[in-house]
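Student: Please take a close look at a single part of this model. I should like one connected answer that then sets this part beside the rest of the structure.

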Amino acid sequence: MHIENIVESMCIKFQTRNPFEIARYLNIEVLFEQLGNIKGYYNKAFRQKMIHLNQNLEYDDSKQTCAHELGHAVLHTESNTPFLRANTLFPIGKYEREADYFAVNLLYSDNDIAEYSKYSVPDIAVAFNLSEQLVAYRISVLQNRHK
Amino acid sequence: MYEIFEQLLKKYCVTPYRIHKETGVPQSTLSDWKNGKGTPKIDKLKKIADYFGVTVDYLIGGNEQKESAPALTEKDERDISKKMEETLAQLEGQQLGLMFDGEPLDEETKELLAISLKSSLELAKKIAKQKYTPKKYQKKLE
């Protein structure tokens, strides 16, 4: 199953796109902590999943990070300690990329993207504070769905 | 009073409207509460407290304690420190990978991370203990 479909079915099930709420429905503890340079991370210990977020983040940033970590929690349940580094523009490896895809699919619905469709990819990237690669991916998802 | 409610709203990132939708407490009650025109009656407070999974006592500024978590035994402490070492070792392994991008973690972040990991493991152990201990063994723990 593709990531976008997993996200959509979750949004329909829980009737929300708010990553914090979804985490609550999934019984994942979301903790705000001092984390220095790290934005957040996901871990699982003793069968309990947890998302840790840096308490110094702005609301939008923490929402984005939470969505990313939620991606880890849903897609890579067993992989412990994958960290989101200070710079999200260059995610490393397959897991980080998948978590990023999960996050953009969750945070921006098809309608959000369709609204901006007359703008160019770099413009949208700036508006949403995302990397161009992610925006291009999100748009391709939208186009595939309409086929 | 309302401040605690506001903190809970922020923590779970929900709006008063959503509370109204989910619990059936009128929005006017919530806005009256906010503006100091009165406090919700006990039945409504109960609904709100249930929604957040806290006690009414906590909501009106009482005890911090949500529910009594089982205390950790010596064996649990051992489990935690074992898991901690494991995780840190994993982390060190990953560090080498991360170094390639020229962005190693600084010492301060590392320390904070270790603290956060420790506390998270303790919390996880407590939750797991409550959740996964079969009922017939639960009394022994107390």
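Tutor: A residue is called buried when its relative accessible area is under 20%, exposed when it is over 50%, and partly exposed in between, with a 1.4 Å probe and protein chains only. Helices (H or I, at least four residues) and strands (E, at least two) are DSSP runs, numbered from the N terminus. This is a predicted model, in which local features need pLDDT of at least 70 and side-chain atom pairs count only at pLDDT 80 or more, while totals for chains, interfaces and linings use all residues. Residues are numbered from 1 along each chain as its sequence is written, chains are lettered from A and ligands numbered from 1 in the order in which they are written, and side-chain values use heavy atoms, with hydrogens and water left out.

The part chosen is strand β2 of chain A, residues 40-45, where six of the six residues are buried. In a regular strand the side chains alternate between the two faces of the sheet. On one side of β2(A) lie A:Gly40, A:Tyr42 and A:Lys44, on the other A:Tyr41, A:Asn43 and A:Ala45, and both sides are covered. The partner of β2(A) is strand β3 of chain A, residues 48-54; the two run antiparallel and share six bridges, where pairing requires that DSSP find at least two bridges between the strands. Opposite A:Tyr42 in this pair is A:Ile51 of β3(A). Two residues separate the strands of the hairpin, and A:Phe46 has a positive phi near 50 degrees there.

Chain B has another make-up: eight helices and zero strands. Of its 142 residues, 32% are buried. Helix α7 of chain B, residues 107-132, has 26 residues and should span 38 Å, and its end C-alpha atoms lie 36 Å apart, which agrees; the expected span is 1.5 Å times one less than the number of residues. Among the buried residues of α7(B) are B:Leu112, B:Leu113, B:Lys125 and B:Lys129.

The two lysines lead to the salt bridges, each a side-chain nitrogen of Lys or Arg within 4 Å of a carboxyl oxygen of Asp or Glu. Over all chains the count is ten. B:Lys125 and B:Lys129 belong to a network of salt bridges with B:Lys75, B:Asp76 and B:Asp79. Within it, B:Lys75 and B:Asp79 have their closest N and O atoms 3.6 Å apart. Both residues lie in helix α6 of chain B, residues 74-99, four residues apart, about one turn of the helix. B:Asp79 is partly exposed, at 25% relative accessible area.

Another salt bridge joins B:Arg18 and A:Glu21, with closest N and O atoms 2.9 Å apart. This pair crosses between chains, from helix α2 of chain B (residues 16-23) to helix α2 of chain A (residues 19-25). B:Arg18 counts as buried because its relative accessible area is 19%, and A:Glu21 is buried at 3%. Within chain A, the side chains of A:Arg17 and A:Glu8 form a salt bridge at 3.2 Å, N to O; A:Arg17 is partly exposed, at 24%.

Finally, consider the cysteines. A disulfide is counted when a pair of cysteine sulfur atoms lies within 2.5 Å, and zero are found over all chains. A:Cys11 is buried at 8% relative accessible area, and A:Cys66 is buried at 0%.
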